[in-house]
Amino acid sequence: MSEQNFDIVVLGGGSAGYAAAIRAVELGLTAVVIEKDKLGGTCLHRGCIPTKALLHSAEVAEVARESAKYGVKTTFDGIDIAAVSAYREGIVSSKWKGLQGLLKARGITVVAGQGRLVGANTVAVGDDRYTGKNVVLATGSYSRSLPGLEIGGRVITSEQALELDFIPKKVAVLGGGVIGVEFASVWNSFGAEVTIIEALPHLVPNEEETISKQLERAFRKRGIEYSLGVRFQNVTQNDAGVVVTLENGTTYEAELLLVAVGRGPVTQNLGYEEAGITIDRGFVITNDRLETSVPGIYAAGDIVPGLQLAHRSYQQGIFIAEEIAGLAPIVVEDVNIPKITYCEPEVASVGYTEAKAAEKFGAEQVSSFEYNLAGNGKSSILGTSGSIKVVRVNEGPIVGVHMIGGRVGELIAEAQLAVNWEAYPEDIAPFIHAHPTQGEAFGEAVLKLAGKPLHAI
Amino acid sequence: MSEQNFDIVVLGGGSAGYAAAIRAVELGLTAVVIEKDKLGGTCLHRGCIPTKALLHSAEVAEVARESAKYGVKTTFDGIDIAAVSAYREGIVSSKWKGLQGLLKARGITVVAGQGRLVGANTVAVGDDRYTGKNVVLATGSYSRSLPGLEIGGRVITSEQALELDFIPKKVAVLGGGVIGVEFASVWNSFGAEVTIIEALPHLVPNEEETISKQLERAFRKRGIEYSLGVRFQNVTQNDAGVVVTLENGTTYEAELLLVAVGRGPVTQNLGYEEAGITIDRGFVITNDRLETSVPGIYAAGDIVPGLQLAHRSYQQGIFIAEEIAGLAPIVVEDVNIPKITYCEPEVASVGYTEAKAAEKFGAEQVSSFEYNLAGNGKSSILGTSGSIKVVRVNEGPIVGVHMIGGRVGELIAEAQLAVNWEAYPEDIAPFIHAHPTQGEAFGEAVLKLAGKPLHAI
Amino acid sequence: ARLDTARRSPVVSPIVRRLAREHGFDASHLVGSGHDHLVMRRDVESFIAEQGEPATTEA
Ligand SMILES: Cc1cc2nc3c(=O)[nH]c(=O)nc-3n(C[C@H](O)[C@H](O)[C@H](O)COP(=O)(O)OP(=O)(O)OC[C@H]3O[C@@H](n4cnc5c(N)ncnc54)[C@H](O)[C@@H]3O)c2cc1C
Ligand SMILES: Cc1cc2nc3c(=O)[nH]c(=O)nc-3n(C[C@H](O)[C@H](O)[C@H](O)COP(=O)(O)OP(=O)(O)OC[C@H]3O[C@@H](n4cnc5c(N)ncnc54)[C@H](O)[C@@H]3O)c2cc1C
């Protein structure tokens, strides 16, 4: 039994937690991070990083298959899943090593163990107690399922999907959100037959509708099947496979069912409610400065309702450290945080969809233009299609940018600045994008909205 | 013999010329474009577009060769140069068709023929005369050589290099600038032995020195040889190949010599000097509103001293049309125009190098940080290395961004806005880049300069 | 006056425009020190600094 004091006690060493600790020590505070599993959390070990490694292997497979189009003679001989795993694990372990070194170099105490909030400013790990002037809760999320849908055997979540040591012949994916379409994309590239089951009327249903529709078209062309607008009813499994039944009676047989219906907050049995923290449907409720209902206790990352993204977690972690240090950081609303879906083709967006912008600013007050990548030289060279749609307030700023196409994820960085800085299309128009880049497509849409289209009518 | 009148007569239908005409008609002016060869000029037919197609074929070849690393089993069976050419030509011809359609839809008269300035506001094509209230000269550039170095046979320029129907076994490249390193990169990927000969001490000598050095290291690793800091003396050729001799006596044998020592302005025998236009070393001298010494005659693109880039040409063409229409457009200095070199790894930059920034703002007033892509998850996943260096004025704006690494070209768009909008690192810092992207590396450098590094010390 | 509501100087940076707005004026009402009177960040910042110092403002 020991007791240690810090300025900030962080429960959970994922993106949100370690970012808070790093920023805290930069500001001259002392910090401890309590982590029961591995520093880096979901993103590094079971999320962003390993999935993007799989997606890169998938991209390489697609390039190899299509290489004749570009005058490169190759024979595609299939996927070596053991080598894919070795590559994925290699990336994760080297980043993990880097992260551990970083926290060490920063002088952050990292405690290995399961923590529990035991009062307004203390976290207990076994018999040890860590007391802070402030506490940051950052315990992250887990793969949810649906009521009555049990995970196990051939019914898996992203954790198991990542580590499969074989490529399923046929796989069903429950959920057409980010994680579902990313795995669908990988498995299709690896040669599996894939069917996505989504209850809402579109794939990536949080995105601009025109983008969802283009993704559906692209997936159809790739041979990825999907069922939209009908709810899942149940699944049965046996040695041979699974049978998924929808509410309309349609059935799908497959070797595996991936359940990708969202992620729930890890907040149960951690002492949160006992400490008086307001919890709603499992999420920790905070004010817009990320402070919980208990003064001095903050929450960050996937346990806070809203977008579940690693960079939002970083941002919230940093925000809390600065808030505690009295720097009065600015709030970035979720709508202005960029989102990327790394399937092929990629989807990326920031700001309002056109429909939401019309709601907020009035339909008459909003204009948009969607530039087709068919007019973009670099996209033609890469052999990709898609579009970039920009939404503006008339005589006002750009409030939404929505993209689909191979490699467009990187283009969201520019759009993020434009939207957050409230740029008018007229502010961007004088700065012609480098040629030939995919970024020119954003430029063309902006030029059009500024009343001066170049390669558009 | 006919005579036609327009608001704007444009001589040359390359990037600069057609952009001027498009913007002019948008502003209610009438415009004619006189083009002796093909609409689209160098960029579309012999420059940006076909070279980037070759570079994409080269990328595909590299991916195929390296695919085992990512768990993809492929056999690389070599390059089918006829198929590479078909792909390249397909891209160019479809873009060409699109461009012709665009100008037609805009109601721009396009005259096929060789034009000549015959007075302050008239261009003659054969017996026909086109008179404008204003004239825009946009006759572009050609591949230069060195005094005494004759092009022909095995001594070629980029025009011939693009259209080669074979892959040379061994090739020498004279000039380590953009065009030289791009072809060197392609040929190396296609299996040729390549040696670059550059008289200055670095490859891409206009870039930040640390970037040049990293490119040299990367090229060495790829097996691209180079000689730096020694001037070319002469070349001899026979049926078997060429022998290149440097001023220090070193000789290089190769099958071909590509001369890539820069591009000269196309301004001779076009009536420019007779009309009273000031010419300096072949370039058309303008004021900072792009007007020549003859009032009413403007010049745009590669004939105007400075960066020879397609997007600068677009920008200048648009600028002139707006200037003529009285819109008083803002001037974008060359230093703030983004540059991309599409070799592998790519190089991209905008704004001042650290050395130039120190000259301009005072060495004490400038700070910089270079973030190594080794710390960037997405770059590790892509298997690329490199760095992003950001230069700021202390307590002031970001004035330069310099990058090297696979695919970094697209990242310059964000940097272009940051530099041109005079963003401080502190302005960008709250907006954490999407994870995992290569753009995060720019974000990390900016966070560090804002005094709040995340994944950096 | 340094700030003239009839003036329409060019402003291209949303950051510069916002900085002025947050301090209660319109950046385009300043004389810009950039190319062709483009209003630069330094123009807005120096104006704010002047305004902020009571010693230099008239009573
Ligand atoms: C398959 C998948 C792909 C994804 N891809 C992306 C992507 O590409 N981009 C993106 O931005 N986001 C992506 N995400 C989301 C991203 O991973 C999360 O938003 C992010 O990890 C949330 O960070 P966090 O710190 O809130 O939680 P987590 O990363 O979940 O970290 C919480 C940590 O707290 C620890 N912990 C929990 N309880 C305790 C306890 N009692 N005591 C001690 N430690 C505890 C956990 O072990 C964990 O390490 C993906 C997620 C998944 C599942
Ligand atoms: C190999 C190579 C690669 C390049 N890659 C890139 C790149 O990736 N990105 C980039 O930004 N830039 C690149 N460039 C540079 C880019 O091509 C030029 O900057 C751009 O084309 C210049 O445009 P322009 O309109 O000034 O001239 P041009 O494109 O040269 O057009 C001039 C036009 O005028 C016509 N013309 C000339 N004289 C007459 C006459 N008397 N009568 C009628 N017509 C006439 C010509 O036929 C031509 O069509 C590259 C150049 C080369 C050579």
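Hi everyone, this short talk covers the surroundings of ligand 1 and then the contact of chain A with chain C. Before we start, please keep in mind that this is a predicted model.

Let's begin with the ligand. Where does ligand 1 sit? You'll find ligand 1 between chains A and B. There are 40 residues around ligand 1, and the ones that come nearest are A:E35, A:T42, A:K52, A:D302 and A:A310.

What kinds of residues make up that shell? Sorted by class, 20 residues of the shell around ligand 1 are polar, 12 are nonpolar and eight are charged.

If you prefer to think in helices and strands, have a look at chain A. Five of its elements each give at least two residues to the shell around ligand 1: the helices α1 (15-26), α2 (41-46), α3 (48-66) and α8 (310-324), together with the strand β2 (31-35). Which element has the largest share? That is α2(A), with four residues of the shell around ligand 1.

Now for some backbone atoms. In chain A, a backbone N or O atom of A:S15 is 3.1 Å away from an oxygen atom of ligand 1. Also in chain A, a polar backbone atom of A:C48 lies 3.5 Å from a nitrogen atom of the ligand. Over in chain B, the backbone takes part too: an N or O atom of the B:H435 backbone lies 2.8 Å from a nitrogen atom of ligand 1. And how much of the ligand is covered? On its own, ligand 1 has 990 Å² of accessible area, and the protein covers 97% of that.

Let's move on to chain C. Chain A brings nine residues to this contact, and chain C brings seven residues. As general background, people often give the size of an interface as the accessible area lost when the parts come together. Here, chain A and chain C bury about 640 Å² between them, with 52% of it on carbon and sulfur atoms. On the chain A side, A:W421, A:E422 and A:D427 lose the most area to chain C, and together they make up 71% of what that side buries.

How many salt bridges are there across this interface? The rule finds three between chain A and chain C. One pairs A:E422 with C:R21, and the closest N and O atoms of that salt bridge are 3.5 Å apart. As for classes, the side of chain A that touches chain C has five nonpolar residues, one polar and three charged.

That's my tour, and thanks for listening!

Conventions. Residues are numbered from 1 along each chain as its sequence is written. Chains are lettered from A and ligands numbered from 1 in the order in which they are written. This is a predicted model: local features need pLDDT of at least 70, side-chain atom pairs count only at pLDDT 80 or more; totals for chains, interfaces and linings use all residues. Side-chain values use heavy atoms; hydrogens and water are left out. A residue is near a molecule or strand if one of its heavy atoms lies within 4 Å of it. A polar contact is a pair of N or O atoms within 3.5 Å; within protein, one must be able to donate a hydrogen and the other to accept it, and residues adjacent in sequence count only if both atoms are side-chain atoms. Accessible areas come from the Shrake-Rupley method with a 1.4 Å probe; for residues, only the protein chains shown count as cover. Ala, Val, Leu, Ile, Met, Phe, Trp, Tyr, Cys and Pro count as nonpolar, Asp, Glu, Lys and Arg as charged, and the others, Gly among them, as polar. Contact means heavy atoms within 4.5 Å. Buried area is the accessible area (1.4 Å probe) that two parts lose on being put together, summed over both. A salt bridge is a side-chain nitrogen of Lys or Arg within 4 Å of a carboxyl oxygen of Asp or Glu.
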